[in-house]
Amino acid sequence: MKINSIKYFSKEAFKNVFSNGWMSLASVFTVVASLLMFGIFMVMVLNINHMMTKVESDYEITLTVDENYTSAQTTQLGRTLAEIPNVSEVIFESKAQRLELLRDQFGENASLLDSYQGERNPLRDWYKIRCVDLSKSQETVEAVRKLDGVVKVISNEGTIDKLTAASSYISRMSIWIMIALAVISVFIISNTIKLAVFSRRKEINIMKFVGATDWFIRWPFIIEGMLIGVLGAAISCFIMSLGYDGLIHMFQSLQIGFVSFISLQDIIFLLAGVFLLMGIGLGAAGSLLSVRKHLKV
């Protein structure tokens, strides 16, 4: 495409956007509504995956050690645990350390535990292990249970399985919903832009009769749709940023420990990029569909 042609098409596109003010504004807000719906599901999927990753990294299998084990036997058990496939980290806590942690949790009432010091400590030494792959945690638990010196294993397998299944289901559903929203958005935008194109149908027909090619006619409309998409993307990104930032601050004030969001700084560039590409794509596709009918003269 020649530079002069690009200048002409761009000039016509800008002129059309401003000369069809209300139609352009309606198209922009159609893009905004579509992108906001798309963005909500995208952010939801990203945060669900983020939370699941955090759950996986924090997930620990806890096992208590036989109280009759000596220090040497307990240390050897730790080495054996570290050699089990899928184990990434082994953390030891003696019964004295566990008692101190309980005292910290009791706070002002820590004196209630004074009578359990030394030999009267009823707790047992234990190990906490973390997995490389959470989906193989059941195999790891079974391997741990077979070891001598392991009295009890706490793994919360059922909860982890439910969380993993829920995350997978929500992610799959959200992807399909996002695809459906994108398709619906193209048709909504094309119908909105179609009204503006309809008002200029005589102009298109005249251009066809004097010998203008289909693409010569299409390009101003495509660029117009892309401009509408860029404006819609900018507004959507601004609204989404404000809403997302407010949501994060609200949950932080509630101090819900298990809820962990991706920070706005980590997501804003991805969000802006996706909105920009989606806006340009939706606007261009909508314009192409709208002008196609009037090219058949």
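What follows is a short walk through a four-stranded sheet, a helix lying across part of that sheet, and one residue in another helix. The model is a predicted one, and residues are counted from 1 along the chain.

The sheet makes a handy starting point. Its four strands form an open arrangement, lined up in the order 2-3-1-4, and the pairing is antiparallel. Out at the edges sit strand 2, covering 87-93, and strand 4, covering 150-154. Each of these has just a single partner strand, so one side of each goes without a neighbour in the sheet. On average, neighbouring strands here are turned by 20 degrees against each other, if direction is ignored.

In general, strands of a sheet pair through backbone hydrogen bonds, in either a parallel or an antiparallel way. In this model, strand 1 (residues 61-65) and strand 4 run antiparallel and are joined by four bridges. To pick out one residue, T64 has K152 of strand 4 as its bridge partner.

Then there is helix 4, made up of residues 95-106, which lies across strand 2 and strand 3 (126-131). Relative to strand 2, helix 4 runs at about 80 degrees.

Now for the single residue, S171, which belongs to helix 6 (residues 157-198). With a relative accessible area of 12%, S171 falls under the 20% cut-off and so counts as buried. Which residues does S171 touch, once its neighbours within four places in sequence are set aside? The contacts are V45 and N49. S171 and N49 are 122 residues apart along the chain, yet their C-alpha atoms are separated by 8.0 Å.

How values were computed
This is a predicted model: local features need pLDDT of at least 70, side-chain atom pairs count only at pLDDT 80 or more; totals for chains, interfaces and linings use all residues. Side-chain values use heavy atoms; hydrogens and water are left out. Helices (H or I, at least four residues) and strands (E, at least two) are DSSP runs, numbered from the N terminus. Buried means under 20% relative accessible area, exposed over 50%, partly exposed in between (1.4 Å probe, protein chains only). Contact means heavy atoms within 4.5 Å. Two strands pair if DSSP finds at least two bridges between them. Axes are lines fitted to C-alpha atoms, for helices over the stretch in contact, and angles run from 0 to 180 degrees between N-to-C directions.
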